[in-house]
Amino acid sequence: MKSWIVSGYAIALGVIIGLVSWLFLSVVYKGIHVVWHTVPEQFDIPFYLFLVPVIAGVCIGLLQHRYGRMPRLMPEVMEERKDTGRIDYRLIGFTTLTALLVLIGGASLGPEAALVGIVGGLTTWFSERIRYVRQELGELQEVGHAVVLGIVFNAPLFGAIAAEENEQKKQPMLNLLATLAGMERFIY
C-alpha cells in the first residue's frame, strides 16, 4: 500500500514539475517575443535595443544586491544538491523573477540553470511537506531532482540514469515513472 502512495506522489510530483517547467519556458518565450518583436514593431522608441538590456540589468543588479546572486549557475545548484541532499526554496520567487529578467532582457544563455534551481527548490518543498510518508522523503527528493534533469534536457531517461550514476537508488523505476509523467505534462 505504501509503495502505491509513494508512486502516486512521484507521479504528482512529475506532473507538477512538468507544468512548472512548461509555464516558465512559455513565459520566457512569450516575454522575449513581446519585448523584442511586438514592442519594437508597434512603437518607435529611440535606442530601444540599448535601453531594454540596461533596464533589465539595473533591475537584476538591485535584486542581486538585496537577495544575493541569482539565478545560480547549474554547477552551483547541483553542488548544493550533492552536499545537502536538497535545493533551497526560500527565494524561489526572486530567483524566478531574476531569471525572467535575465532571459527576456537580452542575455544569451539558456534557461536550464534557473529552471533546475526553481523546480529543484519546488521539489524539495513538495517533498518536505509530505509528512505521513516520512521514510520516503529523501527518495522523493532524489526522484524530483532526477525528473528536473530529464525534463530540462528533453531526455526522459536521462533523469533516471543520471541519478543512478550519482548514487545507489532503491527504486530506479520510481525515477522513471516520475520523469515520464513530467515529460508528458511538459510536452502536452
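In this predicted model, the side chains of R90 and D88 come together in a salt bridge, with an N to O distance of 3.0 Å. The two partners can be placed by their accessibility: R90 is exposed, at a relative accessible area of 67%, whereas D88, at 24%, counts as partly exposed. Side chains of opposite charge can pair when their charged atoms come close.

The R90 and D88 pair belongs to a set of three salt bridges found in a search of the whole structure. Another joins R72 to E80, whose side chains meet at 2.4 Å, N to O. Here R72 is partly exposed, with a relative accessible area of 26%, while E80 has a relative accessibility of 16% and counts as buried, because the cut-off for that class is under 20%. A further salt bridge links E76 with R69, and its closest N and O atoms lie 2.1 Å apart. E76 itself counts as partly exposed, at 31% relative accessibility.

Turning from charged to nonpolar side chains, a surface patch is formed by F43, I45, F47, L49, F50, L51 and I55. Together these residues offer about 790 Å² of accessible area. One of them, F50, sits in helix α2, which covers residues 48-67. F50 has a relative accessible area of 62% and is therefore classed as exposed, the cut-off being over 50%.

Definitions and conventions
Residues numbered from 1 in each chain as written. Predicted model: local features only at pLDDT ≥ 70, side-chain atom pairs only at ≥ 80, totals over all residues. Heavy atoms only, no water. Patch = residues over 30% accessible without salt bridge, like charges linked within 9 Å, V, L, I, M, F, W, Y side chains within 5 Å. Areas by Shrake-Rupley, 256 points an atom, 1.4 Å probe, with all protein chains shown as cover. Salt bridge = Lys/Arg side-chain N within 4 Å of Asp/Glu carboxyl O. Helix = DSSP H or I, 4+ residues; strand = E, 2+ residues; numbered from the N terminus. Buried < 20%, exposed > 50% of the residue type's maximum accessible area, 1.4 Å probe, protein only.
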